[in-house]
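Please open the model in your viewer and keep the sequence panel beside it. The tour below moves from one selection to the next and says what is there at each stop.

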Amino acid sequence: KEYLMLKQIINKLFYNRYKFIKKHSNIKVSDTAILLKSCTFRFDVKVKNNKVSIGDNSMVGCSFVFESDEGEINVGNNSYIGGGTTLISRNNISIGNNVTIAWGCTLYDHNSHSLDYIERQKDIERQNNDYRNGRNFISSKDWSVVKSKPIIIEDNVWIGFDSVILAGVTVGEGSIIGARSVVRHNVEPWTVVAGNPAVVIKRLRDE
């Protein structure tokens, strides 16, 4: 009996997610893509310009997060993104074909806050005001002072678990990022990088 109840709840969650995707024309999921149970779509403000596309035969278990009405995330074909991974976009995150991204990774295409402490103080004031008035606490955030740059993950890349890819980074074709690395700069194609900050530890042969 408990098993059947749990199955009904899971089926309802899948049905609700299917309705959500169909409702938003800016979310494009290939008919052959697989959305795992852990896959979620989070829009902290009303959806306007946010876009998501997931290509053929990709298996996706990550969270897609948009903290403003801008941002675009594209996943190519035959790629895998594990559960617990979060893609946070205000600019653009582009993931190529045949990419493997393990669990617990974070791809973050903006800096979240200004380098100016005065602007960060204003952030906190606006957050408090929004929350106390029943709004999402970043509804009034001033994004004009926040730096953002696209993230590009090229084809055939493997990103190890708990890695962090920061704004403006291009991860070159065929490269491998070691587990728990923090990637602040571009990664050359066909290299292995690891560490914080990630550095080249090996060069791979281009087959």
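The stops that follow cover a nonpolar core, a few salt bridges and a cavity, all in a model that is predicted.

**The nonpolar core**

Begin by selecting Phe64, Leu87, Ile95, Leu107, Ile153 and Ile165, which touch the most other members of the largest nonpolar core, a set of 33 residues. Then colour the elements that give two or more residues to this core, namely strand E3 (40-43), strand E4 (51-54), strand E6 (63-66), strand E7 (72-75), strand E10 (92-95) and strand E13 (151-153). As a general background to this stop, nonpolar side chains in soluble globular proteins tend to be buried together.

Stay with Phe64 and display what surrounds this residue: leaving aside residues up to four places away in sequence, Phe64 touches Cys39, Thr40, Phe41, Arg42, Val52, Ile54, Ile73, Val75 and Leu87.

**From Arg42 to the salt bridges**

One of those contacts of Phe64, Arg42, leads to the next stop, where the side chain of Arg42 meets that of Asp44 in a salt bridge with an N to O distance of 2.7 Å. Arg42 counts as partly exposed at 40% relative accessibility, whereas Asp44 is buried, with a relative accessible area of 13%. By the rule applied here, the count of salt bridges comes to 8.

Next, select helix H2 (residues 117-132) and pick out Lys122 and Glu119, which are 3 residues apart and therefore separated by about one helical turn. Their salt bridge has its closest N and O atoms 3.7 Å apart; Lys122 is partly exposed at 35%, while Glu119 counts as buried at 15% relative accessibility.

For a pair that links distant parts of the chain, move to Glu188 and Arg203, whose side chains meet in a salt bridge (3.0 Å, N to O). Glu188 sits in the loop between strand E18 (182-183) and strand E19 (191-194), and Arg203, 15 residues apart from it, belongs to strand E20 (residues 199-203). Glu188 is partly exposed, with a relative accessible area of 40%, and Arg203 counts as exposed at 54%.

**The cavity**

Finally, select Asp123, Arg126 and Lys141, which are linked in a network of salt bridges. These three are among the residues that line the largest cavity, and the selection can be extended with Gln127, Asp130, Phe137, Ile138 and Ser140 to complete the lining. How do the lining residues divide into nonpolar, polar and charged? There are 2 nonpolar, 2 polar and 4 charged residues, around a cavity that holds about 40 Å³ of space.

Notes. Residues are numbered from 1 along each chain as its sequence is written. This is a predicted model: local features need pLDDT of at least 70, side-chain atom pairs count only at pLDDT 80 or more; totals for chains, interfaces and linings use all residues. Side-chain values use heavy atoms; hydrogens and water are left out. On a 1 Å grid over the protein atoms alone, a cavity is a set of points where a 1.4 Å probe fits but cannot get out, and a pocket is an open set with protein on both sides within 12 Å along at least five of seven lines; lining residues have an atom within 4 Å of a point. Grid points are joined across faces, edges and corners, and a volume is the space filled by probe spheres set on the points. Ala, Val, Leu, Ile, Met, Phe, Trp, Tyr, Cys and Pro count as nonpolar, Asp, Glu, Lys and Arg as charged, and the others, Gly among them, as polar. A nonpolar core is a set of buried Ala, Val, Leu, Ile, Met, Phe, Trp, Tyr and Cys residues joined through side-chain atoms within 4.5 Å. Buried means under 20% relative accessible area, exposed over 50%, partly exposed in between (1.4 Å probe, protein chains only). Helices (H or I, at least four residues) and strands (E, at least two) are DSSP runs, numbered from the N terminus. Contact means heavy atoms within 4.5 Å. A salt bridge is a side-chain nitrogen of Lys or Arg within 4 Å of a carboxyl oxygen of Asp or Glu.
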